[in-house]
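Here's a quick tour of a structure that may be new to you. Have a look at it first, and then we'll walk through a strand, its neighbours and a ligand site.

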Amino acid sequence: MDYDTISARITETGMICRGGFHPNPEDGLPASTGTAILAGNAGGDFWRRFRAEFPAAAGDPLNEWSGNVLKAIAASFGAKILFPFGGAPHHPFQRWAQRAEAVYPSPVGPLIHPTYGLWHAYRGLFLFAETFSVPARRQAPSPCDDCDDQPCLHTCPVGAMTEDGFEMDPCIAHLAGPSGGDCMDFGCAARRACPVGAQYAHEPDQARFHHHAFFRAYCP
Ligand code: B12
Ligand code: SF4
Ligand code: SF4
């Protein structure tokens, strides 16, 4: 087994390989795991591929689609796979991601990536019994370290992004109201205010899909 082969298979799907690590007991993975490889997405390739296969997607087929695609890859390699979705208890994907690649907690919740900014997500973690080499974790600091203005914390029209975390109630109330359309149609304004990785920001169709799904799931 080798990292480049797995990475190439993931790239064929429109997703990307997000690094890997050799688990230790604190990672909470099965002791039989020699190597863990993370798959995720950033940028438009992933979205266009999904849309080509689900042109009029309703509900939440994105998890179903990415889950099926990654399950097939795992089976072909004889690997196990874990997913970030599927209800509580949630797997600690953000913790695993920080083991696999240079990503850091941002003030607003999602991990920030030096290239993709806040515009990336995780889709699955492959567990291989074999121990094989993975690329060294990139040495890049958090973009937040040099961001004095922190526009992500000062742009939300209802102050739902705070230094103490994300407050869902004011966000959902705003999305339901007459001025919530900007976030519903173009995505979270606070996230869009971050200057890092702007070229990876969601396309309007993708932004609408995610925000409508978020709203449907959490609107009381
Ligand atoms: C529940 C959940 C939510 C809830 C609550 C979020 C929360 N902050 O608690 C709600 C519905 C609000 C939500 C919203 C969103 N979410 Co969400 N969510 C999840 C989910 C399913 C579980 C999170 C969890 O409780 N994990 C369990 C704990 C034990 O895992 P963990 O890795 O240890 O994670 C926590 C700690 O590591 C801690 N943390 C992270 N870094 C550090 C560093 C230190 C030093 C410490 C002490 C702690 C700490 O923060 C994590 C979350 O609480 C994850 C998927 C997953 N399985 O992780 C996605 C996930 C976190 N969400 C994601 C995203 C993109 C979003 C949204 C932007 C968009 C959306 N999908 O609607 C919004 C953003 C809201 C916001 N500002 O936080 C992405 C984040 C990707 C990234 N770049 O990091 C994830 C990873 C899903 C994915 N498929 O990639 N989400
Ligand atoms: S706006 Fe600045 S502080 Fe906020 S996530 Fe982006 S880089 Fe980090
Ligand atoms: S979606 Fe809009 S209302 Fe909700 S946190 Fe982002 S900017 Fe604020």
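Let's start with strand β2 (residues 35-42), which is mostly covered, with eight of its eight residues buried. Buried here means under 20% relative accessible area, with a 1.4 Å probe and protein chains only. Strands are DSSP runs of E, at least two residues long, numbered from the N terminus. From β2, Thr 35, Ile 37, Ala 39 and Asn 41 point one way, while Ala 36, Leu 38, Gly 40 and Ala 42 point the other way.

This is a predicted model, where local features need pLDDT of at least 70, side-chain atom pairs count only at pLDDT 80 or more, and totals for chains, interfaces and linings use all residues. Residues are numbered from 1 along each chain as its sequence is written, chains are lettered from A and ligands numbered from 1 in the order in which they are written, and side-chain values use heavy atoms, leaving out hydrogens and water.

Now for the partners of β2; strands pair if DSSP finds at least two bridges between them.

| Partner of β2 | Sense | Bridges | Facing residues |
|---|---|---|---|
| β1 | antiparallel | four bridges | Gly 20 and Ile 37 |
| β6 (residues 120-128) | antiparallel | eight bridges | Ala 36 and Leu 127 |

On to ligand 2. Among the residues around it (a heavy atom within 4 Å) are Cys 144, Cys 147, Cys 152 and Cys 194. Domain 1 (3-128) and domain 2 (143-218) both give residues to this shell, so ligand 2 lies between them. Those domain bounds come from an automatic or database domain assignment.

Technical notes. Buried < 20%, exposed > 50% of the residue type's maximum accessible area, 1.4 Å probe, protein only.
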